[in-house]
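Colleague: I'm new to this one, so could you walk me through it?
Modeller: Gladly! Take a look first, then ask away.

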Amino acid sequence: MRAGDLRASDAERDRIADILREALAEGRLTADEHAERVEGVLSAKTVGELEVFIRDLPAAHARRSAPAYTPAPNRPTDTLPHDPDDNVVAVFSAAVRKGRWRAGRRIHAYAVFGSVEIDLSEAIFEYQQVVIKVISVFGTVEVRVPENVSLRGTGGGVLGTFEVDNRDSDDPEAPVVYVDGWAVLGTIEGKPKRGKLVADILERVQHKVDKGLRKHLDR
């Protein structure tokens with residue numbers, strides 16, 4: 001299968017939308033052309049279909065000589081606070097953080113005969129590096145992240161399971177989520193949550209379209 005025939009991800013659609021935004025700001029595209037291409041990006045199904053919308057722009061040719069991604073550091077490089085910005089605790093119960101919430105630099109999660117869900121797929125990232133410290137004792141901790149962030153995991157299990165899908169974002173400036181912890185007769189899992197960026201992409205694209213139209217109208 002050719003690379004262009006692969007199914008496009010939400011992160012790839014977002015990247016193409018950013019390139020179109022820059023082209024609009026530089027005057028390479030008119031507002032009408034930009035709006036038409038953005039509409040096509042949102043309906044494109046393959047990587048090849050996405051590339052059509054930027055093939056006449058300089059950014060498309062510059063990408064061919066650039067690396068596909070920049071690996072995220074395996075350990076945080078920022079100075080992090082000793083105290084957590086948020087504690088998520090479940091003792092014989094369940095605790096959830098999800099929806100539109102602000103992710104701090106350090107989050108502690110404890111599941112003791114309980115379950116914890118930390119869903120960052122719609123979270124607001126105020127920092128590039130986020131560390132989630134996890135302890136699971138006869139419990140379950142699930143961490144979900146957006147598709148377009150980097151994810152790192154360090155930890156293990158004592159008669160338990162520690163599974164984190166290490167992955168790199170195409171964007172070197174994307175947030176990096178570090179999941180560190182131990183599962184004692186419990187489970188810790190971290191992975192991307194598929195298909196949860198569409199609403200955010202539509203919101204950002206609409207904001208960019210409105211901003212571009214206002215800029216042209218103010219000329």
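Colleague: Along strand β12, which side chains point to the buried face?
Modeller: Bear in mind that this is a predicted model. In a regular strand the side chains alternate between the two faces of the sheet. In β12 (residues 187-192), T187, E189 and K191 point to one face and are not buried. The side chains on the other face, which are buried, are I188, G190 and P192.

Colleague: Which residue stands opposite I188 of β12?
Modeller: Strand β10 (residues 161-164) pairs with β12 in the parallel sense, over four bridges. Opposite I188 stands F162.

Colleague: And what is the bridge partner of V145 in β12?
Modeller: Strand β8 (residues 140-145) runs parallel to β12, and six bridges join the two. In β12, V145 has as its bridge partner P192.

Colleague: Is R37 buried or exposed?
Modeller: R37 lies in helix α2 and forms a salt bridge with D56, 19 residues away in the loop between α3 and α4. The N to O distance of that salt bridge is 3.0 Å. Buried means under 20% relative accessible area. R37 has 17%, so R37 is buried.

Colleague: How many residues apart in sequence are E126 and R102?
Modeller: These two form a salt bridge, with their closest N and O atoms 2.7 Å apart. E126 sits in the loop between β6 and β7, and R102 in strand β3, so the pair ties together parts whose separation in sequence is 24 residues.

Colleague: What is the mean pLDDT of the protein chain?
Modeller: Of its residues, 82% reach 70 or more. The mean pLDDT of the chain is 83.

Note on methods. Residues are numbered from 1 along each chain as its sequence is written. This is a predicted model: local features need pLDDT of at least 70, side-chain atom pairs count only at pLDDT 80 or more; totals for chains, interfaces and linings use all residues. Side-chain values use heavy atoms; hydrogens and water are left out. Buried means under 20% relative accessible area, exposed over 50%, partly exposed in between (1.4 Å probe, protein chains only). Two strands pair if DSSP finds at least two bridges between them. pLDDT is the predictor's confidence in each residue, from 0 to 100. A salt bridge is a side-chain nitrogen of Lys or Arg within 4 Å of a carboxyl oxygen of Asp or Glu.
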